Every structure is written in structure tokens, then in C-alpha cells.
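Biologist: Could you show me, step by step, how to read the surroundings of a bound molecule in a model like this one?

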Amino acid sequence: MSAKKSILVGAVIAIVMAITAEGVIAQTKTLTDEELGIRKETIYDEGTVKPEHGEYSRETPGKSKRIERSFENSPPLIPHDITGMLPIAETNNICLGCHMPDAARSMGAVPIPKSHFMDFETKKDLKGKLDGKRYNCVQCHVPQTETAPPVKNVFKGEFREKKGKFRSNLIDTLNEGVTAE
Ligand code: HEC
Ligand code: HEC
């Protein structure tokens, strides 16, 4: 290393050290127990703190507005009211009444996609029979509330096709990039 260069490196190190030292001094301002958490309550007793929850959609099915997907082929959020539809039971699944492909058209509902009529483990086409692992719709599809998140979410989903914001094509893209020997 030339003498000129080593002086330059030395100067940079000195600046970094100065910044770090200043950082340490700045950090000596202590935070109170109330300032530490996201909820701005003492971290030793959150007994009375209720998380902000917001209100679910009260729009009846057919009147609600579909919500843009979070990312390509993500499970769509439920835009309509589901009061009285839960719990989904072995002998009673109200969702099917509107969302099974046969019924969906006349109900104006989005039909359950082909991916739900296939067993992903055995790759078997179930010929119109819903895969048992898909029976409990609300395991993956959830309603949405309007709330201001305490921490801003900066995630932005990518969509290769514009229509992917409202439609699925998982069954066609599932094995994308996978090559079998
Ligand atoms: C009375 C008929 C009806 C029932 C029952 C019903 N839905 Fe819907 N669903 C609709 C309609 C119609 C839409 C389209 C949005 C609208 O018009 O309100 C929809 C939209 C959706 C969507 C959004 C689809 C997309 O691609 O944007 C999901 C997810 C959904 N419903 C899940 C469910 C689940 C889970 C249940 C059971 C808990 C259920 N629905 C019960 C009629 C129904
Ligand atoms: C294991 C998770 C899971 C379960 C359980 C599940 N889904 Fe889905 N669903 C998804 C995912 C992921 C997608 C988006 C990718 C795709 O189409 O497969 C989707 C897509 C959908 C769509 C949108 C179809 C389209 O063409 O845009 C509807 C409607 C739907 N599901 C309804 C249902 C209903 C009704 C049930 C219950 C009988 C259900 N799903 C159960 C994960 C699930």
C-alpha cells in the first residue's frame, strides 16, 4: 500500500470511529418502559391493552368487492361477510353452496379453482371431488379488516400478468422450472 493510500485509509477509519463514538453518546438517552414496545404501554403489564382489531366487511356475498391478491397465486381474501357461516363442520360447509363450480356461476361467485380438485401429494386428478385437505376453507382464506398497522408493511407483491391480481393459475404454473429426469 502506498503512503498516500494508507493516509486515506487512516482518515476513513478515524471518521468511522468518530461517527460510532457519536452514535454511542446519542444512544445514552434511555427509553422508558412505555416507549420500548410497539403498543406504547409499559412492557411489564399489558393486561389492559387490547390490540386494535377493526371491523370485518358487512357486505353480503354478491355485494362485496373482490380484493386484489397479495402476490401471484396467493389465496384470495374473503371480501364478504361470513357471519353465520362458521364453524365449517364435517356435515356442513356453507361455502360450498356458492363456490362449488356447478353453483358458482348462478350465484355470481368465483368458482373453486382446479387446484382444489387435485391431490398435490399423489398428483391425482380427483375428477371434480374436492380434496379433503381443502375442506376447511378458512384455514387459508380469511376475511379482512381495515386497521392502521402499527408498523408499516412495505411488501409489494409481483405479478407477471395483470390479471393475476384477481385470478389464479396455480394449476398451470405449479411445476414451472421443475424438470423431471
Ligand atoms: C351466498 C353465496 C356465498 C357464500 C355462502 C360464500 N361466498 Fe364467497 N363469494 C361469493 C361471491 C358472490 C363472491 C364475489 C364477491 C361478491 O360479489 O361479493 C365471493 C368471493 C369470495 C372470495 C374471493 C375470491 C376472489 O378470487 O377474489 C373468497 C376467497 C370467498 N368468497 C370465500 C368464501 C368462503 C371461505 C366462504 C365460507 C366461509 C364463502 N366464500 C361463502 C358468494 C358466497
Ligand atoms: C390449503 C389452503 C387452501 C384451502 C384449505 C382452500 N384454498 Fe382456496 N385457494 C388457495 C390458494 C393458494 C389459492 C390461489 C391459487 C390457486 O388457485 O390454487 C386459492 C384460490 C381460491 C379461489 C380463487 C379462484 C380463482 O380462479 O381466482 C377460490 C374461489 C377459492 N380458493 C375458494 C376456496 C374454498 C371455497 C375453499 C373451501 C372449500 C378453499 N378455497 C380452500 C388455498 C386454499
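Biologist: How far is a nitrogen atom of ligand 1 from an N or O atom in the side chain of H80?

Modeller: The idea here is the polar contact, a pair of N or O atoms within 3.5 Å; inside the protein, one atom must be able to donate a hydrogen and the other to accept it, and residues adjacent in sequence count only if both atoms are side-chain atoms. In this case, the distance between the ligand 1 nitrogen and the H80 side-chain atom is 2.9 Å. H99 also has a polar side-chain atom 2.8 Å from a nitrogen atom of ligand 1, while R66 places a polar side-chain atom 2.8 Å from an oxygen atom of that ligand.

Biologist: What should I keep in mind about the numbering and the kind of model?

Modeller: Residues are counted from 1 along each chain as its sequence is written, with chains lettered from A and ligands numbered from 1 in the order in which they are written. The model is predicted, so local features need pLDDT of at least 70 and side-chain atom pairs pLDDT 80 or more, while totals for chains, interfaces and linings use all residues, and side-chain values rest on heavy atoms, leaving out hydrogens and water.

Biologist: Which residues around ligand 1 come nearest?

Modeller: A residue is near a molecule if one of its heavy atoms lies within 4 Å of it. Ligand 1 has 23 residues around it, and those that come nearest are S64, H80, C95, C98 and H99. By class, this shell holds 14 nonpolar, 6 polar and 3 charged residues, where Ala, Val, Leu, Ile, Met, Phe, Trp, Tyr, Cys and Pro count as nonpolar, Asp, Glu, Lys and Arg as charged, and the others, Gly among them, as polar.

Biologist: Which residues are the protein donors of the iron atom of ligand 1?

Modeller: Donors are N, O and S atoms within 2.8 Å of the metal (3.2 Å for Na, K and Ca), and sites may look incomplete because water is not among the atoms. For the iron of ligand 1 the protein donors are H80 and H99, each through NE2, at 2.0 to 2.1 Å. They link distant parts of the chain, 19 residues apart, since H80 is in the loop between α2 (33-36) and α3, and H99 is in helix α3.

Biologist: Why is the arrangement around the iron atom of ligand 1 octahedral?

Modeller: Six donors count as octahedral if opposite donors are over 155 degrees apart and all others between 65 and 115. The 6 donor atoms around this iron subtend angles of 87 to 178°, which makes the arrangement octahedral.

Biologist: Which residues are the protein donors of the iron atom of ligand 2?

Modeller: They are H116 and H141, again through NE2, lying 2.0 to 2.1 Å from the iron. H116 lies in the loop between α4 (101-107) and β1 (118-119) and H141 in the loop between β2 (124-125) and α5 (170-173), so this pair ties together parts 25 residues apart in sequence. Around this iron, 6 donor atoms subtend angles of 86 to 178°, which makes the arrangement octahedral.

Biologist: Which side chains have polar atoms beside an oxygen atom of ligand 2?

Modeller: R69 has a polar side-chain atom 2.8 Å from an oxygen atom of ligand 2, and for R167 the distance to an oxygen atom is 3.1 Å.

Methods:
Tetrahedral: all angles 85-135°; square planar, octahedral: opposite > 155°, others 65-115°. Helix = DSSP H or I, 4+ residues; strand = E, 2+ residues; numbered from the N terminus.
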